[in-house]
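Colleague: Could you walk me through this model step by step, so that I can learn how to read it alongside the sequence?

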Amino acid sequence: MGAPFFRSPDALLQDLGITEPEELDVRAIAQHCGATILYKPLEGCAARITGNEDRAIIAIDSNSRIERQRFSAGHELGHWMFDRGKMSLFSCEEKIFLKEWSSTNPETRANRYASDLLMPVTMFKPRAKAFTRMDFDTAKSLAKTFTTSLTATAIRLVEHGPLPAMLICSSASGIQWSVRGDGGKTLWAQAPGPNTYAYDILHDLEDDASGDVDASAWFDHPVAEGSYIHEHSIRSYQGLVLSLLWWRDEAMLIKLDEYEEERAARRSDSWPR
Ligand SMILES: [Zn+2]
């Protein structure tokens, strides 16, 4: 039994004839889906949704920034689409929007929905393509176009931008989460070492720093030896540092593909016959 009520972000945009970022009025979109958005000061959460089978009320914290409010609204609309009937109430804290990206649960799904709604790939990709750097300046510029938060936009950039890249969130205790584009799917970053810009920010030497770094400062992997990557790191909330790593020259990623292929071949050779 599928839920006939469910509308994907793309379907909604088509319903409403929305084709430009400035037309992405999340309040009107929610109303179209039977969910009324109210803005008021909230205690202890960024947004919440209450609803029955047909109608929902989404409350958004009016004290948060407009970018956050929009994303929260998209996120709650995601709950309304996916978790309708199962939910009597979702109350979503701000930290969810920052952390729930790498696992699979209702919060990740709601974040994904918000992202697809507020930064539709068909609008995002062509605009991202105009940039030649996968850094936070690019992310900021796109965030302004879509009125979205820097973190959500940087994730989108990594997934749909013109060059292979990764977004890594670290704290003093190590990597908190990371989002990887297609090119680096088999690379896992290690806690940022002294030769990274993220390290300088974690040690309060800088707030915002960028440049070329030795890939082995981030990746404990044979293909990282002797390769350089671009890094832009910035201070985020609550002791967290966000780093965008990207490759202009894809030689290292080509080496990575070859390495993985060889390893797979070796593995199948050693299978007992
Ligand atoms: Zn939620």
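**Reading the predicted model**

Colleague: Where is the place of Q238?
Modeller: Q238 belongs to the turn of a hairpin that β8 and β9 form with five residues between them; helices (H or I, at least four residues) and strands (E, at least two) are DSSP runs, numbered from the N terminus. This is a predicted model, in which local features need pLDDT of at least 70 and side-chain atom pairs count only at pLDDT 80 or more, while totals for chains, interfaces and linings use all residues. Residues are numbered from 1 along each chain as its sequence is written, and side-chain values use heavy atoms, with hydrogens and water left out. The place of Q238 is therefore the loop between β8 and β9.

Colleague: Is Q238 buried or exposed?
Modeller: Buried means under 20% relative accessible area, exposed over 50%, and partly exposed in between (1.4 Å probe, protein chains only). The relative accessibility of Q238 is 67%, so this residue counts as exposed.

Colleague: Which element of the protein chain has the lowest mean pLDDT?
Modeller: The pLDDT is the predictor's confidence in each residue, from 0 to 100, and the protein chain averages 89, with 91% of the residues scoring at least 70. Where pLDDT is low, the predicted coordinates should not be read in detail. Among the elements, helix α7 (residues 136-146) has the highest mean, 98, whereas the lowest, 62, belongs to helix α4 (residues 94-99).

Colleague: In what order do the five strands of the open sheet lie?
Modeller: Two strands pair if DSSP finds at least two bridges between them, and in this sheet the pairing is antiparallel. The edge strands, each pairing on one side only, are β6 (174-180) and β7 (208-214). From one edge to the other, the order is β6-β5-β9-β8-β7.

Colleague: How many bridges join β8 to β9?
Modeller: The neighbouring pair of β7 and β8 (residues 228-235) is antiparallel over seven bridges, with V213 opposite I229 in β8. β8 and β9 also run antiparallel, and here H232 stands opposite L244 in β9. The number of bridges that join β8 to β9 is six.

Colleague: How many residues of β9 are buried?
Modeller: In a regular strand the side chains alternate between the two faces of the sheet. On one side of β9, V241, S243 and L245 are buried, and on the other side L242, L244 and W246 are buried too, so that both faces are covered. The strand is largely enclosed by the rest of the structure, because its buried residues number six of the six.

Colleague: Which strands does α7 touch where it packs on the sheet?
Modeller: Contact means heavy atoms within 4.5 Å. The direction of α7 makes about 55 degrees with that of β8, where axes are lines fitted to C-alpha atoms, for helices over the stretch in contact, and angles run from 0 to 180 degrees between N-to-C directions. The strands that α7 touches are β5 (165-171), β8 and β9 (241-246).

Colleague: What is the relative accessible area of L167?
Modeller: L167 has its place in strand β5, and, not counting residues up to four places away in sequence, its contacts include F136, I155, W177 and L242. L167 and W177 are ten residues apart in sequence, yet 8.5 Å apart in space, C-alpha to C-alpha. L167 is buried, because its relative accessible area is 0%.

Colleague: At roughly what angle do the axes of α1 and α5 cross?
Modeller: The two helices meet through P9, L12 and L13 in α1 and Y113, D116 and L117 in α5. P9, L12 and L13 are also among the buried residues of α1, and what covers those buried residues includes α2 (26-32), α3 (66-82), α5 and α6 (121-128). The axes of α1 (residues 9-16) and α5 (residues 106-118) come within 8 Å, and they cross at roughly 35 degrees.

Colleague: Which residue in the loop between α9 and β7 has a positive phi?
Modeller: Most residues other than glycine have a negative phi, and most peptide bonds are trans. In the loop between α9 (197-202) and β7, one residue that is not a glycine has a positive phi of about 60 degrees. It is exposed, with a relative accessible area of 60%, and its name is D204.
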